[in-house]
Amino acid sequence: MTYERIDYSLHDGYIHTWLVTGPQHSFLEFGPDLQTPSRRLEALAQRAETTSRDPDFTTQPVERATASDGEVHIGDYSGQWDLFHCMEDHFLDLSDATQKGSLRAWAYTGLESPAPQRVSLTLTTTDFADVWINGEHVHRQLRTVSATLRPPTKPVTGTFQVMLNEGTNDVVVRFETITPGSTPFVLALRAAADQDLSVALPTLISRVDRRRHLEAVFQAAYIQQYVFTQYDKVAVNWPDKGESAVPAEATDTEEADTKTAEGKITIRVQTPAGRVYGEAERKGGASQTAEMGFTYKYPNGQLEALLIPPPEEYYTGDMRVSRTLRFWGLDNEPYTETPKGSFPERRSEALLSAARCEANIYSEIAKMAVGWWSRLELPLILETARRVQDQNVAPDTPSLLGLIGMLMRFGEEQGFPADLRQPIAAAIANARYGEPGTVAGELESRALLSAVCEILGGQLLPDVTFTASGESGQWHQEEGERRALAWIHARATRGFSAPGSDTVYAETILALAHLIDFAGSDTLWEMGAVLLDKILFLLATNCYKGVFGSARGSTTTRGVLGGYLEATSGITKLMWGTGVYNMDLAAPVSLALLQNYELPVMLQTIATDVPEAVWSQEHHDPKEAGATANGISIVAYRTPDFMLSATQDAYPGQAGSDEHAWQATLAPGATVFVNHPVCAGLSDAQRPNFWRGNGARPRVVQWQDALIALYVLPAGDWMGFTHAYFPIHAFDEHVLRGSWAFARKGNGYIALTASEGLSLTRTGHSAYRELRSSGSQNVWLCQMGRTALDGDFAAFQDRVLALPLTYAASDTNTLPGVRWTTLRSDELQLDWAGPFLMNGEITPVAGDHHIANPYCVAPFPADLLDIHYEGTVMRLSFEKQ
């Protein structure tokens with residue numbers, strides 16, 4: 001085999017360019033205790049004992065020039081070697097590929113040494129890895145402590161010495177993880193040597209200069225917004241010639257080439273599954289913007305912009321160079337900021353919208369509801385029925401509940417396919433029940449979903465013996481009722497473990513909608529209906545122009561990137577007419593089909609009420625012990641022009657996961673927040689990741705329209721900075737003045753600053769969406785404003801810049817602190833350990849109420865809620881029946 005070599009530099013000693021194949025997936029049978037530390041350690045040790053220290057392949061890894069090049073066969077695995085460029089976190093990150101069981105992947109690089117020398121290598125992996133240098137096994141790394149899969153799952157690091165030869169040294173890393181469904185899967189390798197090292201990768205592409213040119217163009221490209229709505233133009237951008245092209249999205253092509261490389265390329269817009277919806281030839285390079293048309297041309301959901309050479313060069317010219325940029329699109333779904341339509345109209349709209357989606361079991365349910373029987377995707381339904389009973393994958397209770405509801409609601413319809421009844425019945429009988437908490441990071445709502453599946457499955461098949469338990473359907477119904485009642489009562493009276501979670505609220509609504517319509521128990525119906533009322537009330541009081549603007553105990557990555565993709569947006573659009581239908585179909589479809597519940601008019605009125613200012617407080621802790629000493633408190637301040645919300649003083653300094661500590665909302669796309677990232681990726685398998693959650697939780701205190709967030713990062717922090725999500729494209733105006741960043745949307749304003757300074761990222765994967773501030777200790781301040789109170793945008797800026805501000809709240813405290821006077825003349829003082837002072841007085845940051853706002857004041861815990869609006873009272877009673 002004849003090949004060329006491509007040279008790359010190291011980045012701070014880290015190898016950033018690899019040839020990768022995998023992952024290979026295999027199922028491990030060791031029961032529901034997978035996530036426990038002792039069992040996981042045992043499983044890892046068993047893998048190590050049975051895994052050979054010999055390389056799995058003998059052929060040379062190489063970058064392919066044609067579709068058939070670079071094939072690799074290892075046991076029952078067949079794949080190809082693909083080029084992988086690490087981002088600024090140095091990780092070779094395959095987290096998107098995680099499944100239940102064991103995952104194994106292989107990475108190759110060539111380390112070029114100018115002379116024989118001893119080198120120190122530092123390997124960081126998720127769980128288990130072997131390293132070979134020039135065919136010799138030199139290191140095995142195995143997680144031996146802290147092996148729980150409860151997020152955050154931190155990689156393990158080991159350092160070892162190797163001897164390199166002069167010239168190219170073959171480095172192979174085989175790395176593995178054990179996952180119950182969603183776990184990081186990463187690798188990083190750092191080299192420390194007396195003489196400089198570089199990377200040399202073999203390639204079958206003969207035209208090396210042209211390949212370098214294309215690589216430079218592709219690696220410099222970025223998309224400057226994560227979500228494109230109906231009339232947005234999808235566009236790929238390149239930095240200006242005067243800017244460093246890729247400081248954050250690390251590529252090793254020489255900077256001069258990156259700045260000047262220009263030429264015709266092909267951009268293909270497709271789904272992650274590879275279905276192509278648009279392709280065009282465009283000019284790529286410095287200062288270019290390549291538009292790909294309006295978003296309504298493309299389907300709803302996650303999309304990719306695939307950058308490749310022109311087709312004749314890519315397919316027949318042996319130039320298989322490419323790069324994928326990911327984003328989300330909302331096709332023909334209009335966002336509504338003010339209430340629109342009657343409920344029957346919105347119900348029909350919701351079902352038609354879902355029926356047009358290429359999504360999941362709930363799009364098929366919507367097709368049945370609108371009578372599109374001939375358009376049903378029977379293979380999708382049958383595959384769902386197979387998957388929900390498959391022990392090789394993580395339990396999927398939302399899909400199982402969809403199948404049960406489908407059979408109960410439509411099973412006797414004339415158009416219902418007879419071929420579906422038996423597979424759905426088999427799925428119900430063979431599925432697992434009563435195992436909440438067995439999946440890493442599992443939402444608390446999964447326990448209720450499991451219980452409701454058990455109730456309704458037992459009702460459907462009372463005399464059938466269920467496979468996993470050996471018990472009858474009747475037994476399962478009774479067991480499910482017991483579990484569901486206990487879960488509902490705890491959340492009704494004491495709130496949620498992850499308060500404000502859009503995903504938990506949406507899944508809870510999904511479960512309650514089925515319980516209300518199909519459960520045979522009057523008690524379950526009544527308790528389910530009042531909890532549904534309560535959740536919709538919480539959504540209503542935290543809804544700003546259709547955006548669920550609350551801080552959250554748990555969320556998804558796409559859920560924090562504006563209001564378009566969070567899980568409750570379709571619920572609010574259906575129930576009171578503000579929001580948008582997105583890819584979260586389950587709850588909106590189930591609510592649209594709900595027969596035995598009607599939304600109280602008062603809740604719809606509160607949701608669309610626009611008072612001058614509303615200050616809301618909530619405290620949640622569903623555990624019986626602890627009262628207000630534990631749990632999480634959320635506050636929110638809502639005006640006609642903005643909303644600001646935070647989790648008050650929630651576990652500062654502790655390791656974070658998928659929480660969302662605070663958020664400012666000016667519009668659906670114009671949301672702002674700060675977090676501490678632990679990696680550069682956006683996979684939900686990473687908890688935390690680049691935008692979701694925090695490596696170390698901040699100390700956050702909000703008082704009405706002003707907020708202080710203190711950050712103390714752990715020693716040796718992997719990323720070394722905090723940053724703000726600041727989407728330039730979504731604002732009407734923005735400006736950086738002094739140490740502050742300002743933005744305007746409509747009549748609402750935001751001002752943001754950090755004690756360690758901030759800068760707008762202009763290149764790379766977060767270009768024009770990020771304000772970055774380096775440093776292990778930092779103070780972020782947020783001040784909101786309005787035209788009605790603060791004058792025009794320029795006047796708002798001048799007033800903020802003139803505010804008294806002193807960092808380090810006390811002379812004796814070496815940790816971050818601040819004394820700051822807000823626009824409303826309140827002096828706020830906060831440091832890392834001391835009390836919160838307002839105007840010199842110690843001020844509690846959390847009240848002793850479960851809910852306290854102009855519409856409802858209820859103690860904690862609350863056996864009932866009295867909700868008031870203009871002289872009318874609606875009482876929700878949660879007393880046990």
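**Questions on a predicted model**

Student: How many residues does helix 11 have, and what span is expected for it at 1.5 Å a residue?
Tutor: In this predicted model, helix 11 covers residues 473-494, which gives 22 residues. From its first C-alpha to its last the helix reaches 31 Å, and this is close to the expected 32 Å.

Student: Which residue just after helix 11 takes a positive phi?
Tutor: Most residues other than glycine have a negative phi. Just after helix 11, a phi of about 90° is found, and the residue that takes it is Gly495.

Student: Which residue in the loop between helix 4 and strand 21 has a positive phi without being a glycine?
Tutor: The loop in question runs between helix 4 (311-316) and strand 21 (323-329). At 36% relative accessibility, the residue counts as partly exposed, because this value lies between the cut-offs of 20% and 50%. Its phi is near 55°, and the residue is Asp318.

Student: Is Ser825 buried or exposed?
Tutor: Ser825 is found in the loop between strand 39 (817-821) and strand 40 (827-831). Its phi is positive, about 70°, although Ser825 is not a glycine. The relative accessible area of Ser825 is 58%, and exposed means over 50%, so Ser825 is exposed.

Student: What is the order of the strands in the open sheet of six strands?
Tutor: Strands of a sheet pair through backbone hydrogen bonds, either parallel or antiparallel. Here the pairing is antiparallel. The edge strands, each pairing on one side only, are strand 29 (699-703) and strand 32 (733-737). The order is 29-30-37-34-33-32.

Student: Which residue in strand 34 stands opposite Arg744?
Tutor: Strand 33 (residues 740-745) pairs with strand 34 (residues 748-754) in the antiparallel sense, over six bridges. Opposite Arg744, in strand 34, stands Tyr749.

Student: What angle does the direction of helix 19 make with that of strand 33?
Tutor: Helix 19 (residues 793-801) packs on the sheet and touches strand 32, strand 33, strand 34 and strand 37 (777-786). The angle between the direction of helix 19 and that of strand 33 is about 150°.

Student: Which side chains of strand 11 point to the buried face?
Tutor: Along strand 11 (residues 156-164) the side chains alternate between two faces. Thr157, Thr159, Gln161 and Met163 point to one face and are not buried. Those that point to the other face and are buried are Val156, Gly158, Phe160, Val162 and Leu164.

Student: How many bridges join strand 8 to strand 11?
Tutor: Strand 8 (residues 117-125) and strand 11 run antiparallel. Gln117 stands opposite Leu164 in strand 11. The number of bridges joining the two strands is nine.

Student: Why does Phe228 count as buried?
Tutor: Phe228 is found in strand 15 (residues 227-228). Beyond its neighbours within four places in sequence, Phe228 is in contact with several residues, including Ile223, Val234, Phe327 and Trp328. Buried means under 20% relative accessible area, so Phe228 counts as buried at 2%.

Student: Which proline follows Arg687 through a cis peptide bond?
Tutor: Most peptide bonds are trans. The bond from Arg687 has omega near 0° and is cis. The proline lies in the loop between strand 28 (671-675) and strand 29, and it is Pro688.

Student: What is the radius of gyration of the protein?
Tutor: The secondary structure comes to 19 helices and 46 strands. For 881 residues the globule rule gives 29 Å, and the protein's value is close to this, so the protein is as compact as a globular protein of that length. The radius of gyration is 28 Å.

Conventions
Residues are numbered from 1 along each chain as its sequence is written. This is a predicted model: local features need pLDDT of at least 70, side-chain atom pairs count only at pLDDT 80 or more; totals for chains, interfaces and linings use all residues. Side-chain values use heavy atoms; hydrogens and water are left out. Two strands pair if DSSP finds at least two bridges between them. Helices (H or I, at least four residues) and strands (E, at least two) are DSSP runs, numbered from the N terminus. Contact means heavy atoms within 4.5 Å. Axes are lines fitted to C-alpha atoms, for helices over the stretch in contact, and angles run from 0 to 180 degrees between N-to-C directions. The expected span of a helix is 1.5 Å times one less than its number of residues. Buried means under 20% relative accessible area, exposed over 50%, partly exposed in between (1.4 Å probe, protein chains only). The radius of gyration is taken over C-alpha atoms; the globule rule is 2.2 Å times the number of residues to the power 0.38.
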